[in-house]
Amino acid sequence: MPGVDFDRVRALVTMEGVLNLLGFEPSSRSGAQWYGSCPLHDAGVGRRHRSFSVNVATGRYCCHRCRSHGNQLELWAAATKQPLHQAAIDLCRRLGCAVPWVRRW
């Protein structure tokens, strides 16, 4: 199986793009810092929880309830319950960008 250049995936895919795919709607914003219900565990719960914090400028998230944290690719992998390699391929395809494969010499 060919390798994926994860750094290039993170450069191509924005946190905001991943949040849109997940249907995340922030309950409040303070500049690039958004707060709301965690898309990983609050899907069936009211949208008034603010356990999830994400900085769309830096591409980092943290849920203070389920302790999940990371970048946009790790968020997609956690939300879709896929290994990182498969999540990167899936995410690129869903967003219509070419998968950045690692070239082997």
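**Close-up views of the predicted model**

**View A. Helices α2 and α3 run roughly parallel to each other.** The model shown in this and the following views is predicted. The axes of α2 and α3, the latter spanning residues 72-80, come within 9 Å and cross at roughly 20°. Because angles under 35 degrees count as roughly parallel, the pair falls in that class. The crossing in which α2 passes α3 is left-handed. On the α2 side, the residues that take part are Met15, Val18, Leu19, Leu21 and Leu22, and they meet Gln72, Leu75, Trp76 and Ala79 of α3. By class, this contact comprises eight nonpolar residues and one polar residue, with no charged residues.

**View B. Helices α3 and α4 meet at roughly 100°.** Helix α4 covers residues 84-94, and its axis comes within 9 Å of the axis of α3. The crossing angle makes α3 roughly perpendicular to α4. From α3, Leu73, Glu74, Trp76 and Ala77 are in contact with Leu84, Ala87, Ala88, Asp90, Leu91 and Arg94 from α4. The residues of this contact divide into seven nonpolar and three charged, with no polar residues. Trp76 belongs to the contact of α3 with α2 and also to the contact of α3 with α4.

**View C. The buried residues of α4 pack against α1, α2 and α3.** These buried residues are His85, Ala87, Ala88, Ile89, Asp90, Leu91 and Cys92. Among them, Ala87, Ala88, Asp90 and Leu91 also take part in the contact with α3. Beyond the helix, α4 is followed by glycine 96, which has a positive phi, near 75°.

**View D. Valine 13 lies in the loop between α1 and α2.** The loop joins α1 (6-12) to α2 (15-22). Valine 13 has a relative accessibility of 2% and therefore counts as buried. Leaving aside residues up to four places away in sequence, valine 13 touches Val18, Gln72, Leu91, Leu95 and Cys97. Of these partners, Val18 and Gln72 also appear in the contact between α2 and α3, while Leu91 is one of the buried residues of α4. Leucine 84 is 71 residues from valine 13 in sequence, and their C-alpha atoms are 14 Å apart in space.

**View E. Cysteine 63 and cysteine 66 are not joined by a disulfide.** The sulfur of cysteine 63 has the sulfur of cysteine 66 as its closest cysteine sulfur, but the separation of 3.6 Å is too far for a bond. Cysteine 66 is likewise in no disulfide, its nearest cysteine sulfur being that of cysteine 63. The structure as a whole holds zero disulfides. The two residues are described by separate classes of accessibility: cysteine 63 is buried, with a relative accessible area of 0%, whereas cysteine 66, at 35%, counts as partly exposed.

**View F. Arginine 50 lies in the loop between β2 and β3.** Strand β2 spans residues 33-36 and strand β3 spans residues 52-55. Arginine 50 is partly exposed, with a relative accessible area of 47%. Not counting residues up to four places away in sequence, arginine 50 touches Ser27, Ser28, Tyr35 and Gly36. Glycine 36 is 14 residues from arginine 50 in sequence, yet their C-alpha atoms are 4.2 Å apart in space.

Technical notes
Residues are numbered from 1 along each chain as its sequence is written. This is a predicted model: local features need pLDDT of at least 70, side-chain atom pairs count only at pLDDT 80 or more; totals for chains, interfaces and linings use all residues. Side-chain values use heavy atoms; hydrogens and water are left out. Helices (H or I, at least four residues) and strands (E, at least two) are DSSP runs, numbered from the N terminus. Buried means under 20% relative accessible area, exposed over 50%, partly exposed in between (1.4 Å probe, protein chains only). Contact means heavy atoms within 4.5 Å. A disulfide is a pair of cysteine sulfur atoms within 2.5 Å. Axes are lines fitted to C-alpha atoms, for helices over the stretch in contact, and angles run from 0 to 180 degrees between N-to-C directions. Angles under 35 degrees count as roughly parallel, over 145 as roughly antiparallel, 65 to 115 as roughly perpendicular and the rest as oblique. A crossing is left-handed if the near helix is turned anticlockwise from the far one by less than a right angle, and right-handed if clockwise. Ala, Val, Leu, Ile, Met, Phe, Trp, Tyr, Cys and Pro count as nonpolar, Asp, Glu, Lys and Arg as charged, and the others, Gly among them, as polar.
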